[in-house]
Amino acid sequence: MPLGERYGGDKSESRYCGVETDFDDDMPNLLSFNIHGGFDFVIATLHAGFSSDAQMDPNYRPSLVDDDTSRSHALPFAGSDLVLSPSQWSSHVVGKISSWIDLDSEDETLRKDSEIALKQEIAWASHLSLQACLLPTPKGTSCANYAKCLNQILQNLGSMQLWLRIPLEKSEDDTDASSPDFMGEGHNDSWELWNSFRLLCEHHSQLSVALDILSSLPSASSVARWFGEPSFLTNARGYPCLSKRQQRLTTAFFDHSIQIVISGQPVHNIPLGASESNVDNNAEGGWRHPLKSYLDYVAFLYQKMDPLPEQERFEFGYRDYLQSPLQPLMDNLEAQTYETFEKDTVKYSQYQRAVAKALVDRVSDENASSVTTVLMVVGAGRGPLVRASLQAAEETERKLKIYAVEKNPNAVVTLHSLVKLEGWEERVTIVSCDMRNWNAPEKADILVSELLGSFGDNELSPECLDGAQRFLKEDGISIPSSYTSFIQPVTACKLYNDVKPLVSVSSCSIKSHKDLLHFETAYVVKLHRVARLAHTQPVFTFTHPEDLSKTSNQRYKKLRFDILSDTGSSLIHGFAGYFDATLYKDVHLGIEPSTATPNMFSWFPIFFPLRTPVYVQPGTPLEVHFWRCCGSTKVWYEWCVTSPSASAMHNTNGRSYWVGL
């Protein structure tokens with residue numbers, strides 16, 4: 001039974017809560033007991049029989065079984081798969097691998113037994129079509145053999161996920177944080193253990209981390225690293241009411257679509273009927289699950305969260321979905337794309353405010369009835385900026401003459417229909433032409449455009465406006481008047497894993513740049529499961545109108561990011577990019593997180609991936625270089641990291657990703 005709904009049509013995976021169970025030889029009863037108790041799935045042990053007639057031996061070790069016995073008897077966990085239906089196995093059961101397994105033990109017999117048992121249990125879980133298996137925590141600081149065995153399994157695994165159990169802990173003594181022996185007992189950072197393991201397993205997309213939430217928590221900066229990981233939570237603290245920090249942590253993970261598993265035994269004796277929510281009215285005698293009060297508390301935390309804003313609901317399906325940026329000069333937008341952008345009323349409201357301020361500054365009240373302002377909308381699309389400009393003129397009681405310049409002949413058809421429908425023929429002239437090639441009959445007082453991309457200049461606004469600037473008066477106004485791009489380093493395991501399959505699809509038998517194409521492409525994406533590891537910093541700024549005789553649109557910027565020392569070590573998968581634009585004076589719009597325009601959805605951030613993730617130790621600065629390069633037919637970005645270790649140069653000469661002029 002889901003935890004509830006934060007809003008109508010809530011589809012978040014966080015709504016589902018599981019329970020870790022002790023071994024029970026009666027699997028149907030175990031499942032029924034917990035599902036009717038309110039849980040959505042159970043984590044059940046695989047090391048012994050699932051049916052009452054199976055021979056159980058929790059102390060089973062492969063080395064203790066002689067060859068003749070092993071050939072003539074069923075495996076100790078191999079009860080009948082018929083005790084549950086296929087849908088019950090796949091929807092409600094997560095397998096728990098034996099906790100005694102130690103694949104990096106110094107004891108050779110134990111190590112070999114562990115390898116055999118791990119493969120047997122996962123094979124059985126795969127046979128049952130389980131959705132996932134919970135793997136035991138690595139026993140020591142070394143996990144190479146564990147990772148090696150698991151990597152072999154992952155290469156041939158179907159769709160089942162593997163969750164590696166890791167305790168959420170980090171020493172607050174940072175003096176040893178950069179030491180390779182930092183994982184010693186009492187001085188550990190569990191993220192280091194997870195990071196080592198997943199690197200050895202090559203960031204496999206079917207490997208996730210199951211975080212054990214303990215009674216004490218690391219710093220907020222340290223915990224934030226986990227938001228960029230594929231995670232599940234197990235709460236074993238044993239208290240029905242969490243501390244404020246634990247509550248904030250739980251709701252933060254809810255916001256990142258993380259599921260919770262309740263683990264352990266109840267430690268509170270709550271009388272039957274003490275809370276109506278703990279009573280199953282459909283069960284005889286008012287029976288309730290012993291962990292129901294804990295489940296209710298988790299549900300309470302989920303339900304008391306603020307509902308997702310309408311904008312977030314609209315964007316829900318785009319979370320962490322990689323999209324190639326638009327090629328606005330090379331391609332004509334489709335009607336559906338125009339319609340999506342036109343629904344962004346906040347954006348056009350800001351444009352209307354900017355135009356209104358410009359009109360008032362341009363024409364005094366005394367001249368309002370006699371002076372007509374010439375305004376050119378370059379890249380008019382299907383007319384939303386034309387409408388916003390006319391509304392600004394009506395609001396300020398200024399006279400306005402508009403030229404609507406649009407290169408897409410299909411959008412021009414819609415523009416003509418709109419002008420006729422609204423009766424704008426006397427005020428609006430439609431020009432079907434590329435703004436860079438148009439010879440305007442007169443110069444404009446105000447030049448209005450919406451050519452910005454997720455990174456500000458990545459849809460060639462500078463090049464387009466440079467071409468259009470020749471028909472702007474010397475004292476004319478450009479809206480926008482300036483825009484700046486920003487980046488910040490992120491942990492984004494899901495995005496990194498989503499890029500990898502794209503690379504393999506485009507691979508050739510002979511090594512070439514095509515193998516790297518997708519790791520050298522910037523993607524537009526609604527960031528969700530990411531950890532933002534440092535504050536954003538500005539990259540490139542463009543101002544309009546500009547002195548074209550002195551300015552090139554090529555840019556270079558070196559940036560240094562200092563990650564908070566209490567964060568611990570981090571893995572950088574790439575850089576999130578944003579923009580902030582000044583439309584006119586104090587009217588701005590943008591998606592840079594600290595100044596983002598509320599409820600605006602025309603732009604998602606941009607993501608610049610790294611071919612090889614960069615490991616950053618505490619207190620070590622991250623140095624990154626970005627270039628904006630211009631050629632005769634295209635514009636592209638190049639980027640690299642030089643500290644703490646050098647990465648390869650990405651997208652040299654625009655070999656993988658570029659925007660056509």
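**Helix, strands, cores and unusual backbone geometry in a predicted model**

Student: Which residues of α4 are buried in this predicted model?

Tutor: The model is predicted, and helix α4 covers residues 108-127. Its buried residues are Asp113, Ser114, Ala117, Leu118, Gln120, Glu121, Ile122, Trp124 and Ala125.

Student: What covers the buried residues of α4?

Tutor: The cover includes both strands and a helix. Among the covering elements are β3 (93-96), β4 (132-135), α5 (144-155) and β5 (161-167).

Student: How many Å apart are the end C-alpha atoms of α4?

Tutor: Helix α4 has 20 residues, and at 1.5 Å a residue it should span 28 Å. The distance in the model agrees with this expectation, the end C-alpha atoms being apart by 29 Å.

Student: Which way do the residues of strand β1 point, and are they buried or exposed?

Tutor: In β1 (residues 17-20), Cys17 and Val19 point one way. Gly18 and Glu20 point the other way. Residues on either side of the strand are alike in one respect, for all are buried.

Student: Which residue of β2 stands opposite valine 19?

Tutor: Strand β1 has parallel pairings with β8 (residues 259-262) and with β2 (residues 41-45), and each pairing is made over three bridges. In β8, valine 19 has isoleucine 262 as its bridge partner. In β2, the residue opposite valine 19 is valine 42.

Student: What is the handedness of the crossover from β1 to β2?

Tutor: Between the two strands the chain passes through helix α1 (residues 27-36). The resulting β-α-β crossover is right-handed.

Student: Which two residues touch the most other members of the largest nonpolar core?

Tutor: This core holds 101 residues, and β19 gives the most to it, with eight residues. Domain 2 (335-450) and domain 3 (482-660) each supply at least three residues. The two members that touch the most others are Ile479 and Phe575.

Student: Which residues does phenylalanine 575 touch, leaving aside those up to four places away in sequence?

Tutor: The contacts of phenylalanine 575 include Ile487, Gln488, Pro489 and Val490. They also include Ile606, Phe607, Phe608 and Leu610. The list is completed by Leu622, Val624, Phe626 and Val641.

Student: How many residues are in the other core?

Tutor: Another core lies apart from the one just described. Its members include Leu130, Leu150, Leu164 and Phe253. The number of residues in this core is 71.

Student: Where is the cis peptide bond from isoleucine 479 to proline 480, and what is its omega?

Tutor: Most peptide bonds are trans. Proline 480 is in the loop between β13 (472-479) and β14 (482-491). The bond that joins isoleucine 479 to proline 480 is cis, with omega near 10 degrees.

Student: What is omega for the cis bond that joins serine 643 and proline 644?

Tutor: Proline 644 is placed in the loop between β23 (634-643) and β24 (659-660). For the cis peptide bond between serine 643 and proline 644, omega is about 15 degrees.

Student: Is aspartate 320, which has a positive phi, buried or exposed?

Tutor: Aspartate 320 is not a glycine, yet its phi is about 55 degrees. The residue lies in the loop between α10 (310-315) and α11 (335-342). Because its relative accessible area is 4%, and the cut-off is under 20%, aspartate 320 is buried.

Student: Is lysine 585 buried or exposed?

Tutor: Lysine 585 also has a positive phi, of about 55 degrees, although not a glycine. This lysine is in the loop between β19 (570-584) and β20 (587-590). Its relative accessibility is 56%, so lysine 585 counts as exposed.

Notes:
Residues are numbered from 1 along each chain as its sequence is written. This is a predicted model: local features need pLDDT of at least 70, side-chain atom pairs count only at pLDDT 80 or more; totals for chains, interfaces and linings use all residues. Side-chain values use heavy atoms; hydrogens and water are left out. Buried means under 20% relative accessible area, exposed over 50%, partly exposed in between (1.4 Å probe, protein chains only). Helices (H or I, at least four residues) and strands (E, at least two) are DSSP runs, numbered from the N terminus. Two strands pair if DSSP finds at least two bridges between them. A crossover is right-handed if, with the strands pointing away from the viewer, the path from the first strand over the helix to the second runs clockwise. A nonpolar core is a set of buried Ala, Val, Leu, Ile, Met, Phe, Trp, Tyr and Cys residues joined through side-chain atoms within 4.5 Å. Domain bounds come from an automatic or database domain assignment. Contact means heavy atoms within 4.5 Å. The expected span of a helix is 1.5 Å times one less than its number of residues.
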